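I opened the notebook to log what I looked up in this one, in the order I got to it. Strands come before domains here.

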Amino acid sequence: MMIVIHGGTLLVGNGQKIENASIVIEDGKIKGVTTKLQDPSLFDHAETIDASGKFITPGLIDVHTHLGIHEEGIGKEGHDFNEISSPATPHVRAIDGINPRDKGFDDARRAGVTTVQVMPGSANVIGGEMVVIKTAGQTVDEMVVRNPSGMKAAFGENPKRVYGDKGKLPTTRMGIAALFREQFIQAQTYLQKIESGKEVDRDLKMENLAKVLKKEIPLRVHAHRADDIMTVIRLAKEFGFDYTIEHCTEGHHIANYIAESKIRVSVGPTMSTRSKVELADKSWHTLLALRDAGVSFSITTDHPVVGIEHLMTSAILAVKHGLEESLALQAITLNAAKHLGIEDRVGSVEVGKDADIVIWSGDPFDLRQNVEMTMINGRIVFQKD
């Protein structure tokens, strides 16, 4: 079925704004975006959606969540996000712990969030593989956009607390870096043996870390404090992997160093409280400092730390504190897609991309406005009564 959405104000996701836009959708993909249909007869052969007086955006993207793997409303039984039997678990995969019936997926669709990255938690120095999925589907397998989409690592207080309480390495930041380096040296040795033609016993942990060393997937590193971020940059130079910084709470202190490293960062959840020492300097000015330094950033809720339904709210608050609307929207659309390496499919309303589209009752940067319709792959997955 061909679908034509017409008459609304389109915020493309790349900074462009189109008034009285028409969007042609076919086979789940965007076939045309224009201010005037070249063939008005399409209206005779397509399902039409009148968006006059409304706003249209790409489906929103949250690059850092625990959606479906840290389920809401059921307590400990839904906590499948941290495998705390060991501080290094590169062999575990988020995809194996996601419940697509988690109520958070419904909240996401109602809020216009169509794509998320789901990752293990931050208890472990190396936490396992993550996956990018759409927010609608009966099974996780049919929701996948990119799997794996990265390897989780974590620096700072969380690994110290979890394993320090057990009297195990790591109990300090030195211990975190040492364990990390030890794991990657083992992976280098494993990879060198394979590449030289030597016979080795299969090791799933080392196989997955080898994907990082071969730059098949990036390392995505939980780091709040500026010194932890610098430790990550130092280790990346040593081992030569691609990486992103996740949270980047004190990124404003070292924005120029981050810019020089040419890395992407996700910032948030800035709507959360200062619940631990690493968050003492949490503020919306981090985004402004990164912008001024030329760093590409995304905004995240870290669901369920902040509910996924507040991704747009986070962007609105960033604007309230001085960020331009176009950059705030890109931080949860096109820049977010680039952060995940899926910008060829999602992140903007452009020809050839997935028809992930949100229709709003009015300007989405007006907190009083609501999502009226969410589409994923050209299919309506939420429609306000």
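In what sense do strand β2 and strand β3 pair, and over how many bridges? I found them antiparallel, with five bridges between residues 17–26 of β2 and residues 29–34 of β3. A reminder to myself before going on: this is a predicted model.

**Entry 1, the N-terminal strands**

I picked out two bridge partners to fix the register of β2 and β3. V24 is matched with G32 in β3, and I23 stands opposite V33 in β3. The hairpin has two residues between the strands, and I noted D27 there with a positive phi near 55°.

Next I went back one strand. β1, residues 3–11, also pairs with β2 in the antiparallel sense, this time over seven bridges. For the register I wrote down L11, which sits opposite K17 in β2. The β1 and β2 hairpin leaves five residues between its strands, and G13 in that turn has a positive phi of about 110°.

**Entry 2, backbone oddities**

Why bother listing these at all? Because most peptide bonds are trans and most residues other than glycine have a negative phi.

I logged two cis peptide bonds. One joins N147 and P148, with omega about -5°; P148 belongs to strand β9, residues 144–154. Another runs from L169 to P170, with omega near 5°. I placed P170 in the loop that links α4 (157–164) to α5 (173–195).

Then I checked K262. Its phi is positive, near 55°, and it is not a glycine. I found K262 in the loop between α8 (255–261) and β12 (264–267).

**Entry 3, the two domains**

Where does the domain assignment cut the chain? Domain 1 takes 1–58 plus 348–384, and domain 2 takes 60–346. So much for the bounds; I then looked at how the two parts meet. Their centres, over C-alpha atoms, are 31 Å apart. In the contact I counted 23 residues from domain 1 and 26 residues from domain 2.

The area buried between domain 1 and domain 2 comes to about 2,000 Å², and carbon and sulfur atoms give 65% of that. Which three residues supply more than any other three on the domain 1 side? I got K353, F365 and I376, with 29% of the area that domain 1 buries against domain 2.

**Entry 4, polar and charged pairs across the interface**

I looked for salt bridges between domain 1 and domain 2 and the count is three. I also wrote down the salt bridge of D354 with R345, where the closest N and O atoms are 2.8 Å apart. As for polar contacts across the interface of domain 1 and domain 2, there are seven residue pairs.

Which elements give two or more residues to the side of domain 1 that touches domain 2? My list reads β5 (55–58), β14 (357–360), β15 (371–376) and β16 (379–383). β15 has the largest share, with four residues. By residue class, I sorted that side of domain 1 into twelve nonpolar, seven polar and four charged.

Technical notes: Residues numbered from 1 in each chain as written. Predicted model: local features only at pLDDT ≥ 70, side-chain atom pairs only at ≥ 80, totals over all residues. Heavy atoms only, no water. Domains from an automatic or database assignment. Contact = heavy atoms within 4.5 Å. Buried area = accessible area lost by both parts, 1.4 Å probe. Salt bridge = Lys/Arg side-chain N within 4 Å of Asp/Glu carboxyl O. Polar contact = N/O pair within 3.5 Å; in protein donor to acceptor, adjacent residues only side chain to side chain. Nonpolar A, V, L, I, M, F, W, Y, C, P; charged D, E, K, R; others polar. Pairing = 2+ DSSP bridges.
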